[in-house]
Amino acid sequence: MDHLQTESIKRLFEAILRLESVEECRCFFEDICTIKEIKDMAQRLDVAILLENKMNYQDISAKTKVSSATISRVNRCLTYGNGGYKSAIDKIPAKDKENI
């Protein structure tokens, strides 16, 4: 996506990569995002993990309280996106994926 390849956005991503702990990330995201934005991103990641585990939409919606439209959007990104979800999911330890 060319609209995400600006110097400002590159600087943002590089700053995130340089954070050294979960606590630093939490503080940064609490300052830069609303609580709802953080919760929405976390929910989308949970949905992606559940989709990767082959859970159906109805069960995902019941478990996460996410709409089928959001589940569909995440699924579209998993199928046709840039691989961002997959890359992130692969880095999450298995034990952390079980607690959704």
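Is Lys-65 buried or exposed? Select Lys-65 in this predicted model and keep the question in mind while you look around: at 69% relative accessibility, Lys-65 counts as exposed, because the cut-off for that word is over 50%.

**The whole chain**

Zoom out before going further, and colour the model by secondary structure. The chain holds seven helices and zero strands, and read along the sequence it follows the pattern α-α-α-α-α-α-α. Its C-alpha trace spans about 40 × 30 × 25 Å along the principal axes. Of the 100 residues of the chain, 13% count as buried. If you display contacts between residues with a separation of 6 or more, 39% of them are accounted for by residues 24 or more positions apart.

**Helix H2 and the two phenylalanines**

Now select residues 22-32, which make up helix H2, and pick out Phe-28 within that helix. Show the side chain of Phe-29 as well, since Phe-28 and Phe-29 form an aromatic pair with an edge-to-face arrangement, 5.5 Å from centre to centre and with 85° between the planes. The count of aromatic pairs comes to one.

How exposed are the two rings' residues? Phe-28 counts as partly exposed, at 22% relative accessibility, and Phe-29 also counts as partly exposed, at 24%. Both values fall in the band between the 20% limit for buried residues and the 50% limit for exposed ones.

Stay with Phe-28 and show what surrounds this residue: leaving aside residues up to four places away in sequence, Phe-28 touches Leu-12, Ile-16 and Leu-19. A distance drawn from the C-alpha atom of Phe-28 to that of Ala-15, which is 13 residues apart from Phe-28 along the chain, should read 9.7 Å.

**Helix H3 and what covers it**

Next select residues 35-52, the 18 residues of helix H3. At 1.5 Å a residue this helix should span 26 Å, and the C-alpha atoms at its ends are indeed 26 Å apart, so the expected and computed values agree. Highlight Val-47, Ala-48, Ile-49, Leu-50 and Leu-51, which are the buried residues of H3. Then bring in their surroundings: what covers these buried residues includes H4, helix H5 (68-80), helix H6 (84-91) and helix H7 (94-97).

**From H3 across the loop to H4**

Moving on from H3, select Lys-54, which is found in the loop between H3 and H4. Lys-54 has a positive phi of about 70° although it is not a glycine, and at 73% relative accessibility this residue counts as exposed. A little further on, at the start of H4, a side-chain oxygen of Asn-56 reaches to within 3.1 Å of the backbone nitrogen of Gln-58.

Show H3 and H4 together and turn the view until both axes can be followed. The axes of these two helices come within 10 Å and cross at roughly 145°, and H3 passes H4 in a right-handed crossing. To see where they meet, select Gln-43, Val-47, Leu-50 and Leu-51 in H3 along with Tyr-57, Ile-60, Lys-63 and Thr-64 in H4.

**Thr-64 in helix H4**

From that group, keep Thr-64, whose place is in helix H4 (residues 57-64). Is Thr-64 buried or exposed? Its relative accessible area is 10%, so Thr-64 is buried, the cut-off being under 20%. A polar atom of the Thr-64 side chain lies 2.7 Å from the backbone oxygen of Ile-60, and, not counting residues up to four places away in sequence, Thr-64 touches Gln-43, Val-47 and Leu-50.

**The contact between H4 and H5, and back to Lys-65**

Finally, show H4 with H5. Their axes come within 10 Å and cross at roughly 115°, and H4 passes H5 in a right-handed crossing. Tyr-57, Ile-60 and Ser-61 of H4 make this contact with Ser-68, Ile-71, Ser-72 and Asn-75 of H5.

The tour ends where it began, at Lys-65, which follows H4 and lies in the loop between H4 and H5. Lys-65 has a positive phi of about 65° although it is not a glycine, and, as noted at the outset, Lys-65 counts as exposed.

Methods. Residues are numbered from 1 along each chain as its sequence is written. This is a predicted model: local features need pLDDT of at least 70, side-chain atom pairs count only at pLDDT 80 or more; totals for chains, interfaces and linings use all residues. Side-chain values use heavy atoms; hydrogens and water are left out. Helices (H or I, at least four residues) and strands (E, at least two) are DSSP runs, numbered from the N terminus. Buried means under 20% relative accessible area, exposed over 50%, partly exposed in between (1.4 Å probe, protein chains only). A polar contact is a pair of N or O atoms within 3.5 Å; within protein, one must be able to donate a hydrogen and the other to accept it, and residues adjacent in sequence count only if both atoms are side-chain atoms. Contact means heavy atoms within 4.5 Å. Rings of Phe, Tyr and Trp (its six-membered ring) pair if their centres lie within 6.5 Å; planes under 30 degrees apart count as stacked, over 60 as edge-to-face and the rest as tilted. The expected span of a helix is 1.5 Å times one less than its number of residues. Axes are lines fitted to C-alpha atoms, for helices over the stretch in contact, and angles run from 0 to 180 degrees between N-to-C directions. A crossing is left-handed if the near helix is turned anticlockwise from the far one by less than a right angle, and right-handed if clockwise.
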